[in-house]
Every structure is written in structure tokens, then in C-alpha cells.
Amino acid sequence: FFFNDTATTEIYTEQIVGSVRCVQETGVKGADAVTIQKVKFIKQTFVKEECQQLAMEGLRTLVIAQKILSTEQFEKFKGDYRAAEASSGDVEEKIGQVISNLEKQMELLGVTAVEDKLQECVQDVISNLRNAGIKVWMLTGDKEETAICIAISCELKSRNDHLFVINTHELDEVPQKLNQLEHMMLSKTVVVIEGSTLDLVFKDAALRYKFFMLTSQTPAVVCCRCAPTQKAQVTEYIKEELGFKVCTVGDGGNDVGMIQAASVGIGIFGKEGVQAALAADYSITQFMYLQRLILWHGRLAYKRSAMLTKFVIHRGLVISVIEAVFIMIFFFIAVPIYNGVLMLGYATLYTSLPVFCLIFDQDVDYQTAMKYPILYQ
């Protein structure tokens, strides 16, 4: 089972040891902030220190734990789980409560750390998108230290930018942090905020509006420790509070909600599966193709659509104004000046050539559009 709220995966397996049948829960694998609370208290300090050290090296960490259950314990858990599934109202909350009651005092198996290597040309793509006037937000489930390392390595934070970290668990401290941010040079500040702090911001409408108004003036925002539901919430609130069009890019199942909530969703085929690509409006195989998709195809599609819309409006106005003047001259008698065949040909055959010209129109070539991203504006 995978649970979005806790960002953990549980696997239940059955084993027969001699004449005793037992059930072993092996796959409690997930974000260390959540899984640490499930292991025995004596091991929690050790796990926190190890995860902190690994995160400072820019590695992504996972904690793995297990718990051996007897047959009676598992049968009781299975009955409670099925009862929660069959209940009415707040089914997910009740299921989560049943599972959380089981996942206590677990045995620590280990901590894994992997280097999340960037794809080719990620730095160039992000730099060009920012030069094109596009605000870039990074929503990740990684620890704060890991997220900052990735933001620096992919040049989401440039050398001249300053980091401003909002990491508090008290609602009263959030307005103070936002007031500090308000008095900073926003155009040179990259905001880093944790998922637990985001929950506090979302609870208050005034804080939420102020947060998004301030961060909209910054070059980039990093949201770490984000659950999949929080990624979708951030996308929705940007659309609601700021009225912006939002394009989201993701490559895993955790990004499906965010992709579906955006104005335009882009999925990347990767090692994490094809769920994001299947749920997206557009699919690409590498992150580097995002630059061509937005700065070239996106720009041309916008310009051509705008020109075609104006052409259709003016084409209709020409025939309508002539018909209106003709009727006024002849004392407002409903007599058409053109017959049906001429009207049909005017809207299809006679004015078809400009349509094709607009479809294939290019004001600049591909190399120029890539060399000067500011043309996207």
C-alpha cells in the first residue's frame, strides 16, 4: 500500500517458521520524518542524526522498518481494516488510524541514501525559463538540506540570490516570518518553506494571501517535505490567489495530483514509472525538452492562436458591417445582400488561405528563440 498523506509504503508478507505461521510487515518504507516516529524510541535519535548527515551531502534518504505479528494480531488488524473500508464518511482517515495503531515500536532495518542525479541541461533549462519571465517553484518531498542542495546544483538559486528559510511549527511565528520576508529584497530572495509550515499558512486565508503575494515577487520558491496533496494544494492556491496560469512538471506517481490540478500538466517518462506521463496533458522523455516545448512550441501556439482569433473576428465583422449598411439603406428590410452559396464560400473557401498562412507563420527561427528567452514575454 502507498499512502499519500504519510508518504510511506507498506508491504505485508506471510511466512511459515516451523509449525508457527506468522505475518511479517516488511515494507514500511518512506520519508524519514514520518517513519522515524514509527521505530522504537531508543533508535530515533540515531536515525535522525544519520539522515541529517546524509541530507547535508545532498542525498535522498529513506527509512525501512519492520514488525513481526502473530496470526491473531494480523487477523485483528485485517478485521479493523475491512471495517474501516466499509464505514461511511472519512474512510481514508479511519484506515490511516487503523494502520497507525499497528505501526508502533517497529524494529529498524536500516537507512538508505541515494544520489538523485540531475538530467542533462537542467541548469540551462531553468536559467532560460527564469530569463523568459517564468516563476519557478520546486515542490519536493526531500529534507530541507537536500532540497537546498538540489536548488543550488540546478541553479534554481543563483549566486546573487539569498535564501530565506521559513521553518516553524507554531502558527503565531508565521506572520513574523512573513513580515521579515516583506522587508527583504524580494527580487534577490529564494524562499524555502517546509510542508508542516505550509499547512499552517493554508489554514489562515489572510496568511495564505500574503504568502503567495510575497513569493510571487521572488525569483524562485522551494517547498520541501511536501506531501502529494500539498503539491496539488499549492497549485490550486497559486491559480486562485494570484490568478496565474500554472504549468507543472512531474515524473512520478506523487506528482499526479499536482499535474491534474494545473492549467497545463507535463509528465516525464522516467524510472519512477509512467503514471505522471499518462495523467499529463503533454509527455516528454527528458527534462531538457521542456525548454523547446515552452519557449518554442508554446510561444508559437500562443501567437498563432491570438492572430487567428483576431482574423476570425475581423472576417466576421467585414461581412456583418456590409450586411448591416445594406439593410439600413433599404429601410431595414430583412433582405440579404449575399446568397447562401456566397456566404458559405466566404467563410470557408475564399478566406482559407490566410488561415493556413497564420498556422505556419514564424516571426523568428528556432535558434533565435532559444538564444533570447526574453522573446517569450
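Here are three short exercises on this predicted model, each with a worked solution.

**Exercise 1.** Find out which residues have the most contacts inside the largest nonpolar core, and which element gives the most to this core.

*Solution.* Start with the core itself: it has 30 residues, and L129, M138, L156, V222, F287 and L290 have the most contacts inside it. Next, look at where its residues come from. Elements giving two or more residues include α5 (122-131), β7 (136-139), β10 (220-224) and α13. Of the contributors, α13 gives the most, with five residues. Now zoom in on L129: leaving out residues up to four places away in sequence, L129 touches I134, V136, L290, I294 and L295. Finally, don't mix this core up with another one lying apart from it, which has 27 residues, among them L200, L214, C223 and L242.

**Exercise 2.** Work out why C223 and C224 don't form a bond with their closest cysteine sulfur.

*Solution.* Take C223 first: its closest cysteine sulfur is in C226, 4.8 Å away, so that's too far for a bond. Then try C224, whose closest cysteine sulfur is also in C226, at 7.4 Å, again too far. A disulfide needs the two sulfurs within 2.5 Å. The whole structure holds zero disulfides. As for surroundings, C223 is buried at 0% relative accessibility, and C224 is buried with a relative accessible area of 0%.

**Exercise 3.** Decide whether F330 is buried, partly exposed or exposed, and say where it is found.

*Solution.* First, locate F330: it's in the loop between α13 (289-329) and α14 (340-347). Its relative accessibility is 43%, so F330 counts as partly exposed. Last, check its company: F330 belongs to a nonpolar surface patch that also includes I313, L317, F331 and V335. Together, the patch residues have about 1,100 Å² of accessible area.

Notes:
Residues are numbered from 1 along each chain as its sequence is written. This is a predicted model: local features need pLDDT of at least 70, side-chain atom pairs count only at pLDDT 80 or more; totals for chains, interfaces and linings use all residues. Side-chain values use heavy atoms; hydrogens and water are left out. Patches are made of residues with over 30% relative accessible area and no salt bridge: like charges are joined within 9 Å, nonpolar side chains (Val, Leu, Ile, Met, Phe, Trp, Tyr) within 5 Å. Accessible areas come from the Shrake-Rupley method with a 1.4 Å probe; for residues, only the protein chains shown count as cover. A salt bridge is a side-chain nitrogen of Lys or Arg within 4 Å of a carboxyl oxygen of Asp or Glu. Helices (H or I, at least four residues) and strands (E, at least two) are DSSP runs, numbered from the N terminus. Buried means under 20% relative accessible area, exposed over 50%, partly exposed in between (1.4 Å probe, protein chains only). A nonpolar core is a set of buried Ala, Val, Leu, Ile, Met, Phe, Trp, Tyr and Cys residues joined through side-chain atoms within 4.5 Å. Contact means heavy atoms within 4.5 Å.
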